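Hi,

Here is the structure I promised to pass on. Have a look at it first, and my notes follow underneath.

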Amino acid sequence: MIDSLSRSFHVSKVRVPVLIRRVFKLVRSLRKRVRRPLSVDWLGRWVNNCLGIQEGDILICNEGELLHGLNEAIVKTCRGRKVLLVRDLVDRDFIGEAGVLFDKIYSFDPDQCRALGIEHLEQFFPFDVKAAGVMAKTLGPDRQDGRRCFFLGRDKGRSGVIVTIADALRENGCELNFYIVQDKSTEKPSSYHMRQAFSYEESLRKTLGSDILVEVNQPGQTGFTLRVLEVLFFDKKLITTNALVKKAPFYDPARFFIWGVDPVEALPVFLSGVPAPVDTATLERHSPDVMLRQVIQDVS
């Protein structure tokens, strides 16, 4: 995504120099020995200075990366504008702490925005329309039966629903590639459970090689996930528990099956249906450059 955006914008990834990473490891080791907090803000400033970050620059971070390594110190000491993209469900305490660090906080979930007082941003895809189209053609399914199904996600108490969907698909002659990553909510692992998730690159290959994707949203999650955009950009079908998909302008009953709303008896019709092509304007609305333009406009 960053490589794609760099063709139109002056954008680059924050990379911590090797020397600073080594110093951070030493400080982290020292923390454990003395059993007291040691500030690493000076290392954050060092990174910002090495990267030449100025007051007019914009630093963008997502909530999943904020607490990794030196990232929090880099954000804290950055002299530019700072933006947080929340791509998962978080609580009020997290937003309260993040609000001290960031000038703008966005979420892709409308209900979360209303509950926590943060701004809504349309979910965006990592790849532009052209790149996604090339990937779909070159790495798509190697056969034309249209019934290869893929799920990947942490358990989060959803395994019962996931296994029920898997059973229904198997009964309809589908090939299943289901991977439920075990976590604290896992009580009795199924044959689909695994201990560690794939990398995003491996997940992407499995997504592209499938015909039908499956998602089961967490309770309280109403925003569109990346799975929805993968379906649109890569021309797949989706079985989802998010009933709000039905209100989306891109909704097509031949592309989206809403589990718990659409009757299970209609699943064979869905599996054999052919969705209408997604128009380019819809895809471009969720492209990364549209996201970046909005962020730049909001914080400038």
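Which residues gather in a patch of positive charge on the surface? They are Arg21, Arg22, Lys25, Arg28 and Lys32. Before you read on, keep in mind that this is a predicted model.

To place that patch, take Arg21, which is found in helix 2, residues 18–34. Arg21 has 43% relative accessibility; partly exposed covers the range between 20% and 50%, so Arg21 falls in that class.

There is a patch of the opposite sign too. Glu72, Asp91, Asp93 and Glu97 gather in a surface patch of negative charge. Asp91 sits in the loop between strand 2 (81–86) and helix 5 (92–101). With 45% relative accessibility, Asp91 also counts as partly exposed, because it lies between the 20% and 50% cut-offs.

One more patch, this time nonpolar: Ile58, Ile60 and Ile296 form it on the surface, and together they have about 190 Å² of accessible area. Ile58 belongs to strand 1 and is partly exposed at 31% relative accessibility.

Now the sheets. Strand 1 takes us into an open sheet of four strands, ordered 1-2-3-4 with parallel pairing. Strand 1 (58–62) and strand 4 (119–120) stand at its edges; each has a single partner strand, so one side of each has no neighbour in the sheet. At the strand 4 end, strand 3 (residues 104–107) pairs with strand 4 in the parallel sense over two bridges, and Tyr106 stands opposite Glu119 in strand 4.

The other open sheet is formed by six strands in the order 7-6-5-8-9-10, again with parallel pairing. Its edge strands are strand 7 (193–194) and strand 10 (256–258), each pairing on one side only.

Is strand 5 (residues 148–154) mostly covered or mostly open? Mostly covered: six of its seven residues are buried. On one side, strand 5 pairs with strand 6 (residues 175–181) in the parallel sense over seven bridges. Strand 5 also pairs with strand 8 (residues 212–215), parallel again, over two bridges. Cys149 is a handy residue to click on for both pairings: its bridge partner in strand 6 is Leu176, and in strand 8 it stands opposite Ile212.

Moving along the sheet, four bridges join strand 8 to strand 9, and the two run parallel. Glu215 stands opposite Thr240 in strand 9. In a regular strand the side chains alternate between the two faces of the sheet. You can see two directions in strand 9 (residues 237–240): Lys237 and Ile239 point one way, while Leu238 and Thr240 point the other way. All four of these residues are buried, Lys237 included.

Last item, on a contact between distant parts of the sequence. How far apart are the C-alpha atoms of Ser6 and Asp289? They are separated by 9.8 Å, although the two residues are 283 residues apart along the chain. Ser6 lies in the loop between helix 1 (2–5) and helix 2, and Ser6 is partly exposed, with a relative accessible area of 36%.

That's what I have for now.

Cheers

How values were computed:
Residues numbered from 1 in each chain as written. Predicted model: local features only at pLDDT ≥ 70, side-chain atom pairs only at ≥ 80, totals over all residues. Heavy atoms only, no water. Patch = residues over 30% accessible without salt bridge, like charges linked within 9 Å, V, L, I, M, F, W, Y side chains within 5 Å. Areas by Shrake-Rupley, 256 points an atom, 1.4 Å probe, with all protein chains shown as cover. Salt bridge = Lys/Arg side-chain N within 4 Å of Asp/Glu carboxyl O. Lys, Arg positive; Asp, Glu negative; His and termini not counted. Charge placed at Lys NZ, Arg CZ, Asp CG, Glu CD. Buried < 20%, exposed > 50% of the residue type's maximum accessible area, 1.4 Å probe, protein only. Pairing = 2+ DSSP bridges.
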